[in-house]
Amino acid sequence: PEVKDIVIHYVANPGTSAMQNRNYFNGLQKNYRTGGTTKASSHFIVGLSGEVIQCVPLTEIAYANAPRNGDTVSIEVCHPDASGQFTEESYEAVVKLAADLLRKYGLTEEHVIRHYDVSGKSCPLYYAEHEDMWIQMKADIAAELAK
């Protein structure tokens, strides 16, 4: 399927690492095969120190943006506390990753959206509650894309 948007999320589990969240998603997959009902995954997870883990190949669907799973790429971002604000390192990494994905798919920063924009869910929490900071992130992605 054609990728139309890059969707930014937050993990909603303060202080956890990218690997812990990757392992959580991996565990859900195993549980689902044995009768569990929760389906959740993400293409990428950005950690507190800016590390990036790819969990799902870009040629496959990640279950993070219903009903738009089929035409979006998902980026989950770790955060240190309940505010949901990203660390400086994770913020810089998600800006660079989003710009790289936009380049790959021939899209502009207008195609970076929040999970909130898909479903109305307050995700990523800080950037759903602080519209000015979301606008700044999109501007930073645009600047990275222009490099």
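**Fold, sheet packing and a pocket of the predicted chain**

From the N terminus on, the elements of the chain follow the order β-α-β-β-β-α-β-α-α-α. The model described here is predicted. Its secondary structure comes to five helices and five strands. For 147 residues, a compact globule would have a radius of gyration near 15 Å; the chain has 14 Å, which agrees with that expectation. Taken along the principal axes, the box filled by the C-alpha atoms is roughly 45 × 35 × 25 Å.

The five strands are assembled into an open sheet, in which the order is β3-β2-β4-β1-β5 and the pairing is mixed. At the edges of this sheet stand β3 (52–54) and β5 (112–114), each of which pairs on one side only. From one strand to the next, the twist averages 25°. In general, the strands of a sheet pair through backbone hydrogen bonds, in either a parallel or an antiparallel manner. Here, strand β2 (residues 44–46) runs antiparallel to β3, and three bridges join the two. Within this pairing, Phe44 has Gln54 of β3 as its bridge partner.

Two helices that pack on the sheet were examined in terms of their contacts and directions. Helix α2 (residues 88–105) packs on the sheet and touches β1, β2, β3, β4 (72–77) and β5. The direction of α2 makes about 170° with that of β4. Helix α5 (residues 131–145) also packs on the sheet, where its contacts are with β1 and β5. The direction of α5 makes about 155° with that of β5.

Empty space in the model was also considered. In general, such space is revealed by rolling a probe the size of a water molecule over the atoms. The second largest pocket has a volume of about 310 Å³. The elements that give two or more residues to its lining are β1 (5–10) and α1 (18–33). Helix α1 provides the largest share of this lining, namely four residues. In total, 18 residues line the second largest pocket, and those nearest its centre are Tyr10, Val11, Tyr24, Phe25 and Glu76. Classified by side chain, the lining comprises nine nonpolar, seven polar and two charged residues.

Several backbone features occur in the loops. Ala12 is located in the loop between β1 and α1. Although Ala12 is not a glycine, it has a positive phi of about 60°. A cis peptide bond is found between Ala66 and Pro67, with omega at about 5°. Pro67 of this pair is placed in the loop between β3 and β4. Cys123 and Pro124 are likewise joined by a cis peptide bond, for which omega is about -5°. The position of Pro124 is in the loop that lies between α3 (115–119) and α4 (125–129).

Terms used
Residues numbered from 1 in each chain as written. Predicted model: local features only at pLDDT ≥ 70, side-chain atom pairs only at ≥ 80, totals over all residues. Heavy atoms only, no water. 1 Å grid on protein atoms, 1.4 Å probe; cavity = no way out; pocket = protein on both sides within 12 Å on 5 of 7 lines; lining within 4 Å. Points joined across faces, edges and corners; volume = space filled by probe spheres on them. Nonpolar A, V, L, I, M, F, W, Y, C, P; charged D, E, K, R; others polar. Pairing = 2+ DSSP bridges. Axes fitted to C-alpha atoms, helices over the stretch in contact; angles between N-to-C directions. Contact = heavy atoms within 4.5 Å. Rg over C-alpha atoms; globule rule 2.2 N^0.38 Å.
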